[in-house]
Amino acid sequence: MSANPQVEAIVSDVLAFDVETLKRALVDRLTYTVGKDHHTATTRDWMHSLAYVVRDRLAERWMETMRSYYDHNAKRVYYLSLEFLLGRALTNSMLNMGFFDNCQQALQELGMDFEEIRDLEFDAALGNGGLGRLAACFLDSLASLQLPGYGYGIRYEYGMFRQGIENGEQVEHPDNWLRYGNAWEFPRPEVLYPVKFYGKVIAFKDEKGRSRNQWCNTEEVMAMAYDMPIPGYKTNTVNTLRLWSAKASRDFDLSYFNEGNYIKAVEDKNQSENLSKVLYPADNTAEGRELRLKQQYFFVSAAMQDILHRFNKQYDSLQQLPDKVAIQLNDTHPAIAIAELMHILVDQYQMQWDEAWNITRETFAYTNHTLLPEALETWPVELMDKVLPRHLQIIYEINHRFLRDVTHWRPGDTGLLQRMSLIDEHNGKRVRMANLAIVGSHTVNGVAALHSSLLRSNLFQDFDAFFTGKFINITNGITPRRWLNLANPKLAKLICSYIGDAWLRNLGELKKLALLADNDDFQEGFAQAKQHNKIQLADMIHQRLGIEVDPDSLFDVQVKRIHEYKRQLLNLLHVITLYNRIRRNPQDNYTPRTIIFSGKAAPGYFQAKLIIRLINDVADIINNDPALGHSLKVVFVPNYDVSTAMNIIPAANLSEQISTAGMEASGTGNMKLALNGALTIGTLDGANVEMREEVGEENFFIFGLTAAEVEHVHASDYNPWHYYDNNAELRQALDMINTGYFSHDEPGRYKAIFDSLTYHGDHYLLLADYQSYINCQDEVAALYQQPRQWNRKAILNFANMGKFSTDRTIEEYAGKVWRIKPVFRD
């Protein structure tokens, strides 16, 4: 349909960005959408009104963007991810669209406090950690680079969980982020696809005598689309995140209702809609594991149907699919999409297997995010046969053909066949989703140089040898728009006053700041911005937790998912060591330090939850010891999410990136903290290696075993008792944990932690790295007492972070993997 100039003129006038138009729009939205006037409106009502005003202006650009992709016949990328950890959208949208200041002024003239309004917005609970936050950063960069990209995920009603701390323990509460609605989503009840489960497969011959399969007697759930617009930074491009919500195919059974069985009348509806209730349902029960598998297939099936629907509207032949569609699998959660596309092409479009397989393999690419073999997703064959019987057949056929090729490559090597098979025969027969993703994709990438190297040399060595050139590296990044411009406005303003704002589109521009590392005025400006952020964080900690911390102390920060390999316990051993030193020699000159932890443990991960409790018990002893004063404080900030990260990260002086070398794929928290002027203490793991290369090894605190040394230690007779017996400070700290010093009411509470580090072998090598870590921390403390040298190194850190923008990351994906080009609009 051609554009109507009169309509466009009206829209342009109504959606202007000047202050007077925005004021009228805010009052109109309050009256006609929220249904309040200024006498009865709450602050939350004004927040919703502002969100609708911003959304209106997003929508105009959004419609134009979608039309432009059709007009330009553009190849699109579809990013399939079980998580999108978006954070708050309001301020980010206003900044990206370039009318933040006018909105603030309009609210001020209407007598409203913008900061109070901003803080009422809920974080979208659509993810857990780095995987989901990376996906959100990717969406931002796709739109900012004007690349035709879509995200597909699940509209979780409750997200993962809201973390509370009760008696020091993590307690999980439902995260009801949709309680007040979500102004950023557009429900699409007309975009509805059936998703099938269970049933059986019937084999038959078609009219041409060819073997066919029909998946029948299935149960059906409907997937309904909810769209969220994703604006680029100061472009006219607004891309789409499409989230699927489960709806029952039959809402209500009237016969049960009429019989008086009201619960049974809605039972099917409730069971169907459980699919999109919660992110990562606990998988320690058979029901939980089945729900997880169904959840993954649910969003993948809906996404594949939607992608093909859009493709078929514009193109006649499915042979063109790889030329017009790129699908990126964010880890193995969506890997069942490979079997789903084969099911659609072979069973529904009646394509020959080889033709369908070539199309499928040229359409998909896979990003691996883990080096831990136990973290590679597998599903019991029995479960997949029950839930997705046709897809299991397809996976078996893929495996049969693949192993035939492997046999031709290296005849007689049964060990090789067992390692490369899509089916693990040794653990109760399980489908290896990573192997499926590798075999069914044209490109596989790691997310840091070390990670990609270890994938090729260790975890997937056989696949790398077989598939020449399939494995590549694309180092992760972060978006500077959210993680510096939005999170740290004081520092962003200082940077802009010296080098302008081009760094928001090209983070490499920060390199110019290296020349200012010794400039007195710039150092002073940086110190003031950091101190402002620390005071704000100290106030937040006092308000939320009742703990007073000294903003002049060194803010030592470890914020990430709680996991043994991330070694929050090693950090805690240093805390206990400091505590013992101060109590032993209180007259010595100690660098005051506030150690800040934050992060969630998976609900079923006992050891991680025990670590959280130990952190809180240690904090309780230290924070209430009058002999320590402000020399040492320990804080655990509950419910780590994007908004909490944006409070903590700009205030950090020291960034703890201390995972066991060779176990962290990349990490992006390390990048966020460095970009905000924190120095890093870490192992040579993940992206730490590349960050150190960029900022200079003299500006980075490195300790501990390397990945190669870790591998050697694990292959030898590692004895943690050797370190325990020969290091008095380490032994004292461990004994305090083991004998109940921090848990007088239950002396044996932390025996499992002590045992894991001693009797059970210290798998993550905390004891081996302990002394190196302590020595490195002593260097940190000494440097912090030299503010000019500390600030110089901090400036050189964020000045050299240009490589770690997701704009660079996405440009590499676009060129090396997806082969897509920008669609530029005026």
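Helices α3 (43–71), α4 (90–97) and α7 (130–144), together with strand β8 (219–231), each supply at least two residues of the lining of the largest cavity; here helices (H or I, at least four residues) and strands (E, at least two) are DSSP runs numbered from the N terminus. The model is predicted, so that local features need pLDDT of at least 70 and side-chain atom pairs count only at pLDDT 80 or more, while totals for chains, interfaces and linings use all residues. Residues are numbered from 1 along each chain as its sequence is written, and side-chain values use heavy atoms, with hydrogens and water left out.

The contribution of α3 to this lining is the greatest, at five residues. In total 32 residues line the largest cavity, and Gly87, Arg88, Ala89, Glu121 and Trp184 lie nearest its centre. A cavity is a set of points on a 1 Å grid over the protein atoms alone where a 1.4 Å probe fits but cannot get out, and lining residues have an atom within 4 Å of a point. The volume of the largest cavity is about 410 Å³, a volume being the space filled by probe spheres set on the points, with grid points joined across faces, edges and corners. Its lining divides into 18 nonpolar, seven polar and seven charged residues (Ala, Val, Leu, Ile, Met, Phe, Trp, Tyr, Cys and Pro count as nonpolar, Asp, Glu, Lys and Arg as charged, and the others, Gly among them, as polar).

Helix α3 also takes part in a salt bridge, in which aspartate 56 and arginine 29 bring their closest N and O atoms to 2.5 Å apart. The term denotes a side-chain nitrogen of Lys or Arg within 4 Å of a carboxyl oxygen of Asp or Glu. This pair links distant parts of the chain, since arginine 29 belongs to helix α2 (residues 19–34) and lies 27 residues from aspartate 56.

Further along the chain, six strands form an open sheet in the order β19-β18-β17-β20-β21-β22, with parallel pairing; two strands pair if DSSP finds at least two bridges between them. At the edges, β19 (632–637) and β22 (701–702) each pair on one side only. Four parallel bridges join β20 (residues 654–657) to β21 (residues 679–682), and leucine 654 has leucine 679 as its bridge partner in β21.

Helix α23 (residues 520–545) packs on the sheet, touching β17 (554–559), β18 (593–598) and β19, where contact means heavy atoms within 4.5 Å. The direction of α23 makes about 70° with that of β19.

Conventions: Axes are lines fitted to C-alpha atoms, for helices over the stretch in contact, and angles run from 0 to 180 degrees between N-to-C directions. On a 1 Å grid over the protein atoms alone, a cavity is a set of points where a 1.4 Å probe fits but cannot get out, and a pocket is an open set with protein on both sides within 12 Å along at least five of seven lines; lining residues have an atom within 4 Å of a point.
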